[in-house]
Amino acid sequence: MINYTRKKNRWYSTALVLCLLTFSGVFASHNVSGSTLGLIEVTSIKKVKNASFGSPNFVSSIPENGATGISKSANVVLNFSEAISSGTIDATNIKISGSQTGNLAATFSGEDTAQLTIIPSAEFKPGELITITLLTGLQSLATNEPLSSAYTIQFTVGTAAIDYYNLPTTPIKTTIASGVNTGGLKSIYTIDLDGDGDLDILGALDLGNKLMWYENDGNQNFTANIIDSSADVNTLHSVFAIDLDDDGDMDIVASAKTETADLLYYINNGSQVFTKFKRDIEVVGESSKTVYVADMDNDGNKDIVYLSISGNGYVAIAKNDGGLSFSDTTVIVDNSMAAPWGMYVVDIDNDADLDIIVGTSNGGTNTDIISWYQNDGTGSFTEQNITTSANSVRSIFAIDIDGDNDMDLLSTSFDNNTVAWWQNDGNQIFTKIDVDTAANGAQEVTAADVDGDGDIDILSANQTDTSIVLYLNNGNEVFTKKIVNNSLTGAYFVRFADVDSDGDLDIISTSTSDGLSWYENKLTNSWTGATDTNWDTTTNWSLGEIPRSSTNVLIPNTINKPKASNGGRKNRVYVKELILNSDASLTATGLVYVNNTSIGAITLESGSSLIAQVTRAAFNLTYKRKLKTTGWYLISSPVIGESVVDFVTNNSLALGSGTGVDQNVAIAPYDNTQITDAEKWNYYTVGQTDGLNGDDTANNLTSGKGFSTKLTSNQDIIFTGEMALSTVSVPITIGAGSAYNLIGNPYPSYIPINEAADNTNNILKINDTDNDFLSEKTIYIWDQSLNSSTGGYLSINNASPARFIAPGQAFFVSANGNHDFSFTEAMQSHQTTDVFNKNINARQEIKLEMSNGTQKSTSEIYYINGTTLGFDDGYDSTIFGGITNNFAVYTNLLADNQGQKLAIQSLPDSDYENMVIPVGVNALSNNKIEFSLTALNMPNDFHVYLEDKVLNSYTQLDKDNTSYSVTLDADYNGAGRFYIHTSSKEVLSIDSDVLKNISVYKSSESTLTVSGIYEGKTSLEILNLIGQQVFETNFIGKGVNDILLPSSLKKGIYVIKIDTEKGTLNKKFLN
């Protein structure tokens, strides 16, 4: 059903069927089931032309002829003087078309009655002009008499109600096309040319001599396609689109202003392949300026109306005799108009046929005319003059400006810089009212209800003052002038159209300087932070007011970051749409209400962050994160509910091994139940994510769980879903393959890893100090920038500088059992730099880097008061062991060494001379490896030396540009060859520390490892605590020696005695 309300004599519909009788009074309205809807007062029904008592007459329609602001989902009610036969009610006798969508399919109800309801099969487009033509094929049910006359009814579709009471300081302009594809673009027409549901644009290039189609891909990315660049389109000046042949696709009509030009029409084969036809203009001079297509004689065929500017000037019609058969005889409407320029076709006198309005631009002062040509319904016209004192009329537009149920006119006068409204008194007596007399070089005018408030607003292009201007109607026809753009050289043409299919009207313009551009209809209240951080301080906002639920809000990166956390009303955020620019942030500890359920209601650009704890209703959040390379990244969704299929669809993920539906897609969770590295990454396939054949995965990107991914190019990775508003817990386990678990940040904000970042609410404290869930207090981060952008793992603990996990970032932890790893809302914070490895550094340290020319690995040593020479959980961290490490540098413990390969080792901040640090290396043979320092912060006068036991050398690494290089003659995996010394001595003795460098530890249940002895015969004894020998062996030192222990060796404490050529060493040993 359609419910209609009326504002200022303008009908607005929401959905219904009304019953109207053909005389004044108050009547009951009924729905199709017969129940009463209410009372309707019918104050006037206009007498229609050619009323006949022998034939059925059309009486009225809802919406009325000329109505504006009609709902895009409206049905159309037609009232006749008697019942119409159902056998004649079809698309042949009732033609429905939209100016942007072409012929419209519909169904009908009320057959065999006097009231017929048209139910369109699809919604109208915002701002679209809908035309309904009733032909005489409609017949009386009782007498079979045909409809007394054909009738044409037109109405304009409205737009969604939005806040457009103010424009942003700098409206967002997007260039559609420029350069050679827009040269002299004099006319455009918005139309869904390819039938894909979005609006494309046709363009007539006067200087470029081309007919263009700018194809919209649905995301407002336009491709410029040349339809015709032949000599036929030299000085092309006007273009129009309509379904000429009634085959369901959009055809094109165009005209050029050269004196040898023909009317051109292009028939679409349905795939946007066009066949060109020519039709001679057949008037003196043959120069066509403007073209319009409509059924001018109510015969159901579309005729071509055009102006010729040569000679005395002509208004003419190329009559269509059916299909594409245009009459050889041109209907001359007027042959004495000096330079006719602006033209519009509409039913001026509301008699259900189309009239013609024309304005001239002859260049004389106050000598140009505006006339309308009254159609008698058969295509015969009588001139009705409106004014003879206009100045260079360039554009005419018709619409009911004041909502009084008659058709008004708008015009531009180039020479006297005027945009004028010609008010119709209902009897076609027009009064001129100036809208703007300072529109320098006023060129083009159009009108629509751009702000959805029920009245008509006006838009003009002013060529001389380089501007596009919007005139907003306050409802009483008082217009407020708003500059859309005032820096367009040669501003020529403007149109309203819903370019982005979001339900409101955007602006399209042409100009010499900027080619073809569009301006999104979006009121934006931008945060400035000019006063403080308080969301509710009006002076912090570009519009000088606090955002409302109908406002689009932009938060740029400012010094004062907005906070809505002041209690009461001032603890709430209301927006229609919210965008946070890169590195911007918003903290909202109170209610957040987003008056928009569409995708992208809240958009966070890469590096931005949002902390929101309470919402009135769930809202869609889009988070973007810039991936700077095409390498691998570990990611975690900062939203809830996004499916794997949607994620793959919305991002350009790389493809891997396999073919067809079995080809791997670059998104994989980590499965620690698998043994091999390859099996641990469980990739989705094309068949599981392509949206075809019903075999897609039903999995979502689980909040708090990590994935690996890789893009095809350097771009944003996009997540879309709802926002997490409470603690997120994710299971961690010990699997058959490893104890490592890939998890990630579930929030669109940063979370601290360690104590230096947040002493209370950091990941390690919540999940290990407080709950003991981890085998060691270490976070493993993948850093794609390492190893010449091939990536590498970093170990982070409490000894590390302050570090944060970014939104969208995943990381590894090693579990000590089956637990629920927790992310709490209290962990959330804002940071100022968009990196996946966010850190704040202020620590005494040594960073040793090893490189082989393409790969790099780093080991970190920190000197911290209170740490020991043994393993300090939270301050010592092993290298990542979830995959095989063929290239790595690490250190071993100085006491109680159990062979841990440390990425981070923390040592006491004293006794530097006596702490000799074993350096372990994993590298392949014939590799030249180079050691250097990438960071150094040591006490004054201390130096850092790297010892090579094999080559008996010391290298002072703390000198500028100093490194140590060596080529390995065999694969190396372990410690014992290289050592770091910290000493105040300028030169170290080769033998001074030989025994200090020896480490002894169990590397397995049956193996004892001795590292640090590189040459000579060595004996090893194991003694019990009363001095009895229980085991003895001899070996030749080779750096790392593995000793097989006897199975008879009992559990307990022993003393190991090692005799070398350099001396004897005793160490305790626990079996």
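This is a dialogue on reading strands, salt bridges and aromatic contacts in a predicted model.

Visitor: Where should I begin with strand β26, and is that strand buried or exposed?

Guide: A general idea helps at the outset: in a regular strand the side chains alternate between the two faces of the sheet. In this predicted model, strand β26 covers residues 340-346, and seven of its seven residues are buried, so the strand is largely enclosed by the rest of the structure.

Visitor: Which strand is joined to β26, and how do the two run?

Guide: The partner is strand β27, residues 355-360, which is joined to β26 by six bridges and runs antiparallel to it. To follow the pairing at the level of residues, take V345, whose bridge partner in β27 is I356.

Visitor: How many salt bridges does a search of the whole structure find, and how should I read one of them?

Guide: The search finds 22 salt bridges, and a useful way to read each is to ask for the N to O distance, the elements that hold the two residues, and their accessibility. D232 and K278 form one of these, with their closest N and O atoms 2.9 Å apart. This pair links distant parts of the chain, since D232 is in the loop between β17 (222-228) and β18 (236-242) while K278 is in strand β21 (residues 274-279), 46 residues apart. K278 has a relative accessibility of 47% and therefore counts as partly exposed.

Visitor: Which residues are linked with D232 and K278 in a network?

Guide: The network of salt bridges links D228, D232, K276 and K278.

Visitor: What does the salt bridge between D299 and K319 link?

Guide: The side chains of D299 and K319 meet at 3.3 Å, N to O. The pair links distant parts of the chain, with D299 in the loop between β22 (288-294) and β23 (303-308) and K319 in strand β24 (residues 314-320), 20 residues apart. D299, at 30% relative accessibility, counts as partly exposed, and K319, at 24%, also counts as partly exposed.

Visitor: Is K777, which forms a salt bridge with D873, buried or exposed?

Guide: K777 counts as buried, because its relative accessibility is 14% and the cut-off for buried is under 20%. D873, at 31% relative accessibility, counts as partly exposed. The closest N and O atoms of K777 and D873 are 3.6 Å apart.

Visitor: How are aromatic pairs described, and how many does the structure hold?

Guide: A pair of aromatic rings is described by the distance of the centres and the angle of the planes. The structure holds 29 aromatic pairs, among them the tilted pair of F931 and F978, at 5.0 Å centre to centre with 50° between the planes. F931 lies in strand β69 (residues 928-936) and F978 in strand β73 (residues 972-983), so the pair ties together parts that are 47 residues apart in sequence. F931 is buried, with a relative accessible area of 0%, and F978 likewise counts as buried at 0% relative accessibility.

Visitor: Which residues do ring pairs link into a cluster?

Guide: The cluster is made up of Y670, W681, Y740, Y780, W782, Y793, F812 and F880.

Visitor: Where does R394 lie with respect to W341 and F414?

Guide: R394 lies over the face of W341, at 4.2 Å from the ring centre, and its charged end also sits over the ring of F414, 4.1 Å from the centre of that ring.

How values were computed. Residues numbered from 1 in each chain as written. Predicted model: local features only at pLDDT ≥ 70, side-chain atom pairs only at ≥ 80, totals over all residues. Heavy atoms only, no water. Buried < 20%, exposed > 50% of the residue type's maximum accessible area, 1.4 Å probe, protein only. Helix = DSSP H or I, 4+ residues; strand = E, 2+ residues; numbered from the N terminus. Pairing = 2+ DSSP bridges. Salt bridge = Lys/Arg side-chain N within 4 Å of Asp/Glu carboxyl O. Phe/Tyr/Trp six-rings, centres within 6.5 Å; stacked < 30°, edge-to-face > 60°. Lys NZ or Arg CZ within 6 Å of the ring centre and 35° of its normal.
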